[in-house]
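Here is a short note for a first look. Please read the points with the model open beside them.

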Amino acid sequence: MPDIRLLSAADARGMLSDLCDVLADCVNGGASVGFMQPYGSADALPYWQGVADSVESGATLLLVAVIEGRAVGTVQVGAAQMPNQPHRGDLKKLLVHRSARGKGLARHLMEAAEREAARIGKTLLVLDTATGSDAEAIYPRLGWQRVGVVPDYAMWPGGGFCDTTIFYKRIAG
Ligand SMILES: CC(C)(COP(=O)(O)OP(=O)(O)OC[C@H]1O[C@@H](n2cnc3c(N)ncnc32)[C@H](O)[C@@H]1OP(=O)(O)O)[C@@H](O)C(=O)NCCC(=O)NCCS
């Protein structure tokens, strides 16, 4: 069973280096997760500092998977929604370092994210992911429902448009 942790803002600030490495590795591995190549660990720092601030304000739940003292996987739930949708959370940035894939970390991170989202009152989660990516194949295995595809929604990190598939999952009754 991997060590899955829900981070405080202080925890997150103490793990910035690991989080930057994970994000940079995923972008360099071709994942369409918001950033373009070339993308080094240092480029990821402002992003993760912003996430830590968002954890501090309560707008984001941030989880990590730790192996041998190092965060090698992560996922977020965006929790701050408009007043008419307090029950919804946005599942974001499921990222596992290439060196740690295929060991069930994503599954454990997603299960923990769902538990934490339910704990703060969320009953519906939504996510989008690049159509044709490894991640797209995983979500149905974890009980997510595919809604449909938005063409040319984003770009691959090396350039060129990529479609995006939207998923949702009800997580509590
Ligand atoms: C998607 C990603 C998070 C998966 O991480 P992982 O830790 O290797 O995944 P797991 O080992 O937990 O696998 C979870 C399930 O998906 C399956 N799976 C894993 N990789 C797969 C692949 N490439 N194709 C199909 N299924 C796959 C596993 O068999 C497992 O299913 P099971 O539990 O029913 O046996 C990882 O590949 C990654 O970080 N990709 C780049 C970033 C990205 O695209 N993130 C998504 C942003 S929305």
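The points below cover the ligand site and then the salt bridges.

1. Status of the model. This is a predicted model. Please keep that in mind when reading the distances below.

2. Where the ligand sits. The ligand occupies the largest pocket. Two or more residues of the surrounding shell come from each of β4 (88–96), α4 (105–119), β5 (124–130) and α5 (134–138). The most come from α5, which gives 4 residues.

3. Who surrounds the ligand. There are 21 residues around the ligand, and the nearest are Leu94, Val96, Gly102, Gly104 and Arg107. By residue type, the shell holds 12 nonpolar, 3 polar and 6 charged residues.

4. Backbone contacts. Which backbone atoms should you check? Start with Leu94: one of its backbone N or O atoms is 2.6 Å from a nitrogen atom of the ligand. Then look at Val96, where a backbone N or O atom lies 2.8 Å from an oxygen atom of the ligand. Lys103 also takes part, with a polar backbone atom 3.4 Å from a ligand oxygen atom.

5. Burial of the ligand. How much of the ligand does the protein bury? On its own, the ligand exposes 950 Å², and the protein buries 76% of that.

6. Salt bridges. The whole structure contains 9 salt bridges. One to inspect joins Arg13 and Asp53, whose closest N and O atoms are 2.9 Å apart. Arg13 belongs to helix α1 (residues 9–14) and Asp53 to helix α3 (residues 45–57), so this pair ties together parts that lie 40 residues apart in sequence.

Conventions:
Residues numbered from 1 in each chain as written. Predicted model: local features only at pLDDT ≥ 70, side-chain atom pairs only at ≥ 80, totals over all residues. Heavy atoms only, no water. Near = heavy atom within 4 Å. Polar contact = N/O pair within 3.5 Å; in protein donor to acceptor, adjacent residues only side chain to side chain. Areas by Shrake-Rupley, 256 points an atom, 1.4 Å probe, with all protein chains shown as cover. 1 Å grid on protein atoms, 1.4 Å probe; cavity = no way out; pocket = protein on both sides within 12 Å on 5 of 7 lines; lining within 4 Å. Sits in = over half its atoms within 2 Å of the grid points. Nonpolar A, V, L, I, M, F, W, Y, C, P; charged D, E, K, R; others polar. Salt bridge = Lys/Arg side-chain N within 4 Å of Asp/Glu carboxyl O.
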